[in-house]
Amino acid sequence: MRLNSLIVDDELLARKVLSSLITSYCPTVTIVGMADSAESARKLLAQNAIDIIFLDVNMPNESGFDLLDSLDNTLYSVIFVTGNEEFALRALKASAADFLLKPVDIEELKQSIIKAGILREMRFQNKQLNTDYISSLTNLSDSIRNKQNISRITLHHLQGFKIISVAEIIYLEADGNYTIFHMQNNEKIVVSKGMGEYEQLLDENIFIRVHKSFIINLFYLKEYSTVDGYFAMLSDGANVIISRRRVDYFLEKVKHYNLK
């Protein structure tokens, strides 16, 4: 499957480097054009059939998200290209969008293109998945623009992905290389990523790690018990163990949370 691509980046060197990498190492991808701004990108998109947009997050005048907001997102798969901006990376990791960190790694580029191609086919076959993808991009745009805490997370699974509200997570449980999300509606969602990845995404003042295997949402904390150990009793009836070395940390976080 051949994929037509467009590179959008205001830096000439960045465009040239990415173009060279794609040409040299990604034979299934054809670079149809390169744009140095959102305005020039729109002109190229209007004139060409594009499958993938390699899109710089930060550009002057109009950002990558300003460009996306002006387009019909149902037509394109997007691979964001960004520098090491901590907040942008957190938001990108919480979305369905794929991204590359500058300077671009060859193997990561190859994997991103494979995933973009697969996702494109899945979106064409599954209308709900396509709707969820667009919704995830919108959530991503809002988070980065407003510099707000991440309110929704996209969880990937074998059939695609599921968008959940952070506020509905009661606790996370580590299970080997998997993470189990225990949700407000008694739903359990199993994803094939370690819990540490999600610990980096969630607000550390609300979601606190009480044990190597558990992160709890303080909003759902009902009781703290020291009977036969240390336990956080949650609204769904779960009694989550608190490791001895994290008790003081837990109590301090609870105190500050209750003072809000």
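Which residues of helix 1 are buried? The legends below begin with the whole chain and then take up this helix.

**Figure 1. Overview of the predicted model.** The chain contains 8 helices and 15 strands. Its C-alpha atoms fill a box of roughly 70 × 35 × 30 Å along the principal axes. Of the 260 residues in the chain, 48% are buried. Among contacts with a separation of 6 or more, 56% join residues 24 or more positions apart.

**Figure 2. Helix 1 and its buried residues.** Helix 1 spans residues 12–25, 14 residues in number. From first C-alpha to last it reaches 20 Å, close to the 20 Å expected at 1.5 Å a residue. The buried residues of helix 1 are R15, L18, S19, L21 and I22. They lie on the same side of helix 1 because they cover an arc of only 165° around the axis. L13, T23 and S24, on the other side of helix 1, are exposed.

**Figure 3. Surroundings of the buried residues of helix 1.** The elements covering these residues include four strands and one helix, listed here:
- strand 1 (3–8) and strand 2 (29–35);
- strand 3 (52–56) and strand 4 (77–82);
- helix 5 (106–125).

**Figure 4. Packing of helix 5 against helix 6.** The axes of helix 5 and helix 6 (residues 127–146) are 5 Å apart and make an angle of about 120°. Angles from 65 to 115 degrees count as roughly perpendicular and those over 145 as roughly antiparallel, so helix 5 and helix 6 are oblique to each other. Helix 5 contributes L119, M122, R123 and Q125 to the contact, and helix 6 contributes K127, L129, N130 and Y133. By type, the residues of this contact are 4 nonpolar, 2 polar and 2 charged.

**Figure 5. The cis peptide bond from K102 to P103.** Omega of this bond is near -10°. P103 is placed in the loop between strand 5 (98–101) and helix 5.

**Figure 6. N61, a residue other than glycine with positive phi.** Phi of N61 is near 70°. The residue lies in the loop between strand 3 and helix 3 (64–69). N61 counts as exposed because its relative accessibility is 83%, and the cut-off for exposed is over 50%.

**Figure 7. N186, not a glycine but with positive phi.** Here phi is about 70°. N186 belongs to the loop between strand 9 (178–183) and strand 10 (188–191). With 65% relative accessibility, N186 also counts as exposed.

Terms used. Residues numbered from 1 in each chain as written. Predicted model: local features only at pLDDT ≥ 70, side-chain atom pairs only at ≥ 80, totals over all residues. Heavy atoms only, no water. Helix = DSSP H or I, 4+ residues; strand = E, 2+ residues; numbered from the N terminus. Expected span 1.5 Å × (residues − 1). Buried < 20%, exposed > 50% of the residue type's maximum accessible area, 1.4 Å probe, protein only. Arc of directions from axis to C-beta. Contact = heavy atoms within 4.5 Å. Axes fitted to C-alpha atoms, helices over the stretch in contact; angles between N-to-C directions. Parallel < 35°, antiparallel > 145°, perpendicular 65-115°, else oblique. Nonpolar A, V, L, I, M, F, W, Y, C, P; charged D, E, K, R; others polar.
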